[in-house]
Amino acid sequence: MRCSTDFCARYGGEEFAVILSNTDGYRAEKMLERIRSAIMLLNIKHEYSTVAPMVTVSIGIVSTQVLYKNSTIREFLTRADHALYQAKQQGRNRVIVNQ
């Protein structure tokens, strides 16, 4: 389920941030898995990739529910980035939740 406060924006060269308000880690994982699958079904050719012949998406998720009360934004982003790189290291084209 989408909320009117959900937000997606480019966060770097090839990275995007998706903010899902009022969404726990489990629901975020399910929603982002649907996004990953939908992108893959588009079958967009990626002629210059050494990884896959089509565009794929690696997703790292972190939930504010698992952070300590006094966590900083930097700590939050570091955990999300760590989950993203885990997804890439585990073969790409997958969703990883940072617990």
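**Entry 1: strands 3 and 4**

In which sense do strand 3 and strand 4 pair, and over how many bridges? I was working from a predicted model. I found the pairing to be parallel, and it runs over four bridges. I then looked up a partner for I61. Its bridge partner in strand 4 is V97.

Next I asked which residues of strand 4 are buried on each side. On one side I noted V95 and V97. On the other I noted I96 and N98. These four are all buried, so I wrote down both faces of strand 4 as covered.

**Entry 2: N93, just ahead of strand 4**

I moved to N93. It sits in the loop that links helix 2 (73-89) to strand 4 (95-98). Its phi caught my eye: the value is positive, near 55 degrees, and the residue is not a glycine. Most residues other than glycine have a negative phi.

What does the side chain of N93 contact? I found a polar contact with the side chain of R36, at 2.9 Å. I also listed what N93 touches, leaving out residues up to four places away in sequence. The list reads R36, M40, T56, V57 and S58.

**Entry 3: R36 and E33**

R36 led me to helix 1. Both E33 and R36 belong to this helix, which spans residues 25-41. They are three residues apart, about one turn of the helix. Their side chains form a salt bridge, with an N to O distance of 2.6 Å.

Are E33 and R36 buried or exposed? E33 has 27% relative accessibility, so I count E33 as partly exposed. R36 has a relative accessible area of 11%. The cut-off for buried is under 20%, so R36 goes down as buried. I noted R36 twice, then: in the salt bridge with E33 and in the polar contact with N93.

**Entry 4: the salt-bridge count**

How many salt bridges are there? I count two. Besides E33 with R36, R27 pairs with D24 through their side chains, at 3.9 Å from N to O. The cut-off is 4 Å, so the R27 to D24 pair is within the rule.

I checked accessibility for this pair too. R27 is partly exposed, with a relative accessible area of 42%. D24 is also partly exposed, at 28% relative accessibility.

**Entry 5: N43**

I looked for N43 next. It lies in the loop between helix 1 and strand 3 (59-62). Its phi is positive, about 55 degrees, although N43 is not a glycine. I went back to my note on N93, whose phi is positive as well. N43 is partly exposed, with a relative accessible area of 49%.

**Entry 6: Y11 and the nonpolar patch**

Which residues make the nonpolar surface patch? I found Y11, I73 and L77. The patch area is about 320 Å².

I then located Y11. It is in the loop between strand 1 (7-10) and strand 2 (16-19). Its relative accessibility is 49%, so I logged Y11 as partly exposed. Patch residues need over 30% relative accessible area, so Y11 clears that cut-off.

What is Y11 in contact with, beyond its neighbours within four places in sequence? I wrote down F16, A17 and L77. L77 therefore appears in my notes both as a contact of Y11 and as a member of the patch.

Definitions and conventions: Residues numbered from 1 in each chain as written. Predicted model: local features only at pLDDT ≥ 70, side-chain atom pairs only at ≥ 80, totals over all residues. Heavy atoms only, no water. Patch = residues over 30% accessible without salt bridge, like charges linked within 9 Å, V, L, I, M, F, W, Y side chains within 5 Å. Areas by Shrake-Rupley, 256 points an atom, 1.4 Å probe, with all protein chains shown as cover. Helix = DSSP H or I, 4+ residues; strand = E, 2+ residues; numbered from the N terminus. Buried < 20%, exposed > 50% of the residue type's maximum accessible area, 1.4 Å probe, protein only. Pairing = 2+ DSSP bridges. Polar contact = N/O pair within 3.5 Å; in protein donor to acceptor, adjacent residues only side chain to side chain. Contact = heavy atoms within 4.5 Å.
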